Each structure stands twice: as C-alpha cells, then as structure tokens.
Amino acid sequence: MPSGTTHPTSPPVLADGLRNWIMVVLTLVFVGLYAAALLGWLKPLADDKMVIRLEPIIFAIIGYYFGRLPGQQNERTLKSEINRQVQRADAAQAAKEQAQQTTEALEEKVKNVKSTLASEPITSSSTSGADLFRSGGATFKDAELRPMVNAALRILNS
C-alpha cells in the first residue's frame with residue numbers, strides 16, 4: 001500500500017488504546033506504591049514526608065485518568081456527531097437543489113405547453129382558427145386541434 005494512503009482511523013485508535021493502557025498501568029503502580037508506603041511495606045517510603053510528596057502525583061494521575069480521558073472520548077463522540085449532522089445537511093441541500101432543478105424543468109415544460117396550446121392551429125382557409133373562435137360562429141375541429149394537443153403531450157412527456 002502506498003505511504004500516502006493509510007486507513008484514517010487505525011493510527012489514532014492504536015495510539016488511544018496504548019495511551020489508555022499506559023495510564024492504567026501507571027495508576028496501578030502509583031496506587032500500589034502509595035498503599036505499600038501507607039502499610040509500611042516499603043522501608044524508604046515509610047517516612048510520612050515521602051508519602052506526603054507522593055500523594056499529589058498520585059492524585060494528579062488519577063484525576064487525569066478519570067477526567068481527561070473521558071473528556072477526550074466525549075470530544076470524539078461530539079466530533080463524529082457533528083460530521084454526521086454535516087453529512088445530513090449536505091444531503092438535504094443536494095436534495096433541495098435537485099428538487100429546485102426538477103421544479104424549474106417542470107415550469108419550463110408547462111410554459112412550453114401553454115405556448116403550444118395558445119398558438120393558432122394551421123387551417124386550410126385564409127381565416128385563422130382564432131378569428132373563427134372569437135366570432136363565435138364556428139368551433140375548432142378535432143383535426144385542427146389534434147396536432148397542437150399532440151405537440152403539448154410530446155412536451156409533457158419529454
């Protein structure tokens with residue numbers, strides 16, 4: 001596999017797992033040393049002054065373990081939620097744009113159908129069909145309207 005194409009989640013997951021185990025081991029070691037010193041099992045640490053010096057270190061490690069690591073996990077969870085929301089927003093925006101394009105295309109078809117139906121049919125006489133219709137003396141024949149309706153249907157079906 002080329003060096004530029006690595007799996008994006010494997011190094012951070014591996015590093016986080018290693019960091020978690022190191023923190024667990026360090027916490028257990030310092031808690032064990034602290035307990036051994038309190039019980040008097042360690043002779044150099046039996047002195048109260050040494051135990052008092054170790055307490056802040058142990059509490060800092062435990063505080064970091066129980067404070068920072070869950071905070072990092074929450075941060076990762078929130079980042080993944082933000083990424084999901086961004087993807088949903090992008091999908092919604094794309095759907096909106098597609099719907100808008102479809103609406104514009106349909107509006108164009110309706111406009112073309114209206115112009116086709118509003119145009120006058122081709123008649124064999126010198127008097128136009130619109131003049132005959134306006135005069136009220138005659139109506140359009142089916143043969144004269146059929147090409148206009150067929151053209152409108154072709155436009156709607158395209």
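# Exercises on a predicted helical chain

Lysine 79 and glutamate 75 are joined by a salt bridge whose closest N and O atoms lie 3.4 Å apart; a salt bridge here is a side-chain nitrogen of Lys or Arg within 4 Å of a carboxyl oxygen of Asp or Glu. The model is predicted, so local features need pLDDT of at least 70 and side-chain atom pairs count only at pLDDT 80 or more, while totals for chains, interfaces and linings use all residues. Residues are numbered from 1 along each chain as its sequence is written, and side-chain values use heavy atoms, with hydrogens and water left out.

## Exercise 1: The elements of the chain

Task: State how many helices and strands the chain has, and give their order.

Solution. Helices (H or I, at least four residues) and strands (E, at least two) are DSSP runs, numbered from the N terminus. By this rule the chain has 4 helices and 0 strands. Read from the N terminus, the order is α-α-α-α.

## Exercise 2: Confidence along the chain

Task: Identify the helices where confidence is lowest and highest.

Solution. The predictor's confidence in each residue is the pLDDT, from 0 to 100. As a starting point, the chain averages 75, and 73% of the residues score at least 70. Next, the helices: confidence is lowest in helix α3 (residues 129-135), with a mean of 50, and highest in helix α2 (residues 48-118), with 86. For residues 1-7 the pLDDT is below 50, and this stretch has 1 contact in the model beyond near neighbours in sequence, where contact means heavy atoms within 4.5 Å. Residues 124-129 also stay under 50, and the model has 5 contacts for them beyond four places in sequence.

## Exercise 3: The salt bridges of helix α2

Task: Give the number of salt bridges in the structure, and explain why lysine 79 and glutamate 75 are separated by about one helical turn.

Solution. The structure holds 3 salt bridges. In the pair of lysine 79 and glutamate 75, the partners are separated by about one helical turn because they are 4 residues apart in helix α2. To describe their exposure, three classes are used: buried is under 20% relative accessible area, exposed is over 50%, and partly exposed is in between (1.4 Å probe, protein chains only). Lysine 79 is partly exposed at 49%, and glutamate 75 is partly exposed at 35%.

The next pair is glutamate 81 and arginine 84, whose side chains form a salt bridge of 2.4 Å, N to O. These two are 3 residues apart in helix α2 and therefore about one helical turn from each other. Glutamate 81 has 30% relative accessibility and is partly exposed; arginine 84, at 43%, is partly exposed.

There remains the pair of lysine 111 and glutamate 108, with 3.7 Å from N to O. Both residues lie in helix α2, 3 residues apart, about one turn of the helix. Glutamate 108 is partly exposed, at 38%.

## Exercise 4: Two residues of helix α2

Task: Decide whether glutamine 72 is buried or exposed, and whether lysine 114 is buried or exposed.

Solution. Glutamine 72 lies in helix α2 and has a relative accessible area of 13%, so this residue is buried. Beyond its neighbours within four places in sequence, glutamine 72 is in contact with Arg19 and Tyr64. Lysine 114 also lies in helix α2, but its relative accessible area is 58%, so lysine 114 is exposed. Its C-alpha is 8.0 Å from that of alanine 152, although 38 residues separate the two in sequence.

## Exercise 5: The surface

Task: Name the residues of the nonpolar patch and the helix that gives the most to it.

Solution. Patches are made of residues with over 30% relative accessible area and no salt bridge; like charges are joined within 9 Å, and nonpolar side chains (Val, Leu, Ile, Met, Phe, Trp, Tyr) within 5 Å. The patch consists of Leu117, Val149, Leu153 and Leu156, with about 330 Å² of accessible area together, as found by the Shrake-Rupley method with a 1.4 Å probe, where for residues only the protein chains shown count as cover. Helix α4 (residues 142-157) gives the most, with 3 residues. Valine 149 is placed in helix α4 and is partly exposed, at 40%.

For the chain, the accessible surface comes to about 12400 Å², and 63% of this belongs to carbon and sulfur atoms. Of the 158 residues, 15% are buried.
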